[in-house]
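This report covers domains, a nonpolar core and the contact between chains. The structure comes before the text.

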Amino acid sequence: MRCRRCSKPAVINMRQHKLALCGEHFLGWIPAQTQRFIKKYEMFDPGETILVAVSGGKDSLSLWDLLLSLGYEARGLYIDLGISEEGYSSSSLAKVDRFVEKREGARLKVVDVKEVYGKSIPQLARERPEQKTCSLCGLVKRYIMNETALEEGAVLATGHNLDDEAAVLLQNVLHWQTGYLLRQAPVLPSTHPRLAQKAKPFFRFYERETAAYAILRGIDYIYEECPFATGATTIFYKELLNRLEGRSRGAKLQFYLSFLRAREKGFFLRMLPFGPERIPSVNEGLELGECERCGQPTTAPGLCAFCRLWKVAEAEVG
Amino acid sequence: MRITYRDKAWELPGGMTAGDAIKKVGLDPEAVLVVRNGELVTDDVILSDEDEVKLIAVVSGGDGEVS
């Protein structure tokens with residue numbers, strides 16, 4: 001297969017776009033597309049500070065690399081979850097450190113969950129066998145990401161790709177989670193002074209494209225999956241969607257883009273108290289109060305989910 | 001040719017496409033990238049007996065929050 005632009009051997013065939021590219025043209029195409037999506041979806045402006053949440057994986061390190069190469073003031077945030085199983089956290093932090101060493105001026109902030117809050121994610125998970133480790137970990141990460149982005153006065157950027165978004169969409173559709181469907185978007189504006197704007201600049205790329213970018217850019221990322229993610233529902237949904245993609249080219253992209261179009265047209269609004277005449281912004285329809293302990297926005301009365309988690313953990317220690 | 005994927009390895013005869021080799025070892029072509037002799041290639045490439053092929057898993061997961 002040949003590159004559509006120059007006829008050199010292609011390194012990737014993006015069947016959903018009917019586009020095969022060589023390494024050189026693919027490494028030009030990805031940043032140009034990313035820049036287009038950042039602008040089109042008003043994710044952030046060139047002068048803004050961007051906080052990229054990095055895990056040591058292909059998506060987040062590729063995003064950080066790409067934003068730096070585009071000239072953005074992009075800083076990294078690594079959350080040390082304290083996962084000692086298979087040396088996961090130490091290996092992933094080592095990948096992030098190596099990434100930073102190779103890029104002059106790249107600024108990284110590390111938040112160690114155990115150091116700051118007293119317990120690692122595996123410790124918390126062991127105490128709550130009724131909760132899924134991935135959802136517990138997600139809660140902690142979302143809180144720390146928001147808090148750090150606010151401290152840095154930054155827009156939070158995550159490396160979510162189209163496969164991530166399509167898998168979450170499938171999960172939300174299967175359970176008809178209308179509230180989640182309304183709030184699933186490539187950019188989540190700040191609708192509260194304690195809520196940072198969040199953006200997903202890679203949301204239109206298939207996972208194989210972000211992996212190809214990482215390989216071609218020589219990014220040394222953590223290849224092993226988190227030991228707690230084995231058998232995770234998200235991975236199962238991704239496998240299902242990949243089988244669909246194998247049968248029907250572009251199925252994943254169409255699934256997600258059709259959802260975004262339906263959402264923009266107010267398709268999910270009938271379930272909410274707005275009336276059909278206007279489309280609410282993300283987070284409208286939610287009664288956002290402030291947590292009594294930390295002040296971060298929450299839909300729950302009293303404490304937010306994060307503070308409830310640690311309050312119970314502290315009581316168990318005491 | 002020798003094909004590796006994570007901690008697994010297979011020996012397959014040359015003459016088949018990378019896409020066929022991926023299916024032969026029971027993987028989904030949508031879920032892997034093919035690196036032949038250190039170079040990323042598309043899955044229509046015909047592999048030879050001497051090739052060293054590394055299949056790279058592209059699926060990551062968990063809560064999907066930071067990947």
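Domain bounds are taken from an automatic or database domain assignment. The model is predicted, with local features needing pLDDT of at least 70 and side-chain atom pairs counting only at pLDDT 80 or more, while totals for chains, interfaces and linings use all residues. Residues are numbered from 1 along each chain as its sequence is written, and chains are lettered from A and ligands numbered from 1 in the order in which they are written.

Chain A splits into domain 1 (12-286) and domain 2 (287-318), with C-alpha centres 25 Å apart. Their contact (C-beta atoms, placed from the backbone, within 7 Å) takes 14 residues from domain 1 of chain A and 13 residues from domain 2 of chain A.

Chain A also meets chain B: 42 residues of chain A are in contact with 20 residues of chain B. The table divides two sides by class, where Ala, Val, Leu, Ile, Met, Phe, Trp, Tyr, Cys and Pro count as nonpolar, Asp, Glu, Lys and Arg as charged, and the others, Gly among them, as polar.

| Side | Nonpolar | Polar | Charged |
|---|---|---|---|
| Domain 1 of chain A that touches domain 2 of chain A | 7 residues | 4 residues | 3 residues |
| Chain A that touches chain B | 19 residues | 13 residues | 10 residues |

Leaving aside neighbours within four places in sequence, B:L33 is in contact with A:R208, A:A211, A:A212, A:I215, B:L40, B:I56 and B:V58.

Note on methods
Contact = placed C-beta atoms within 7 Å.
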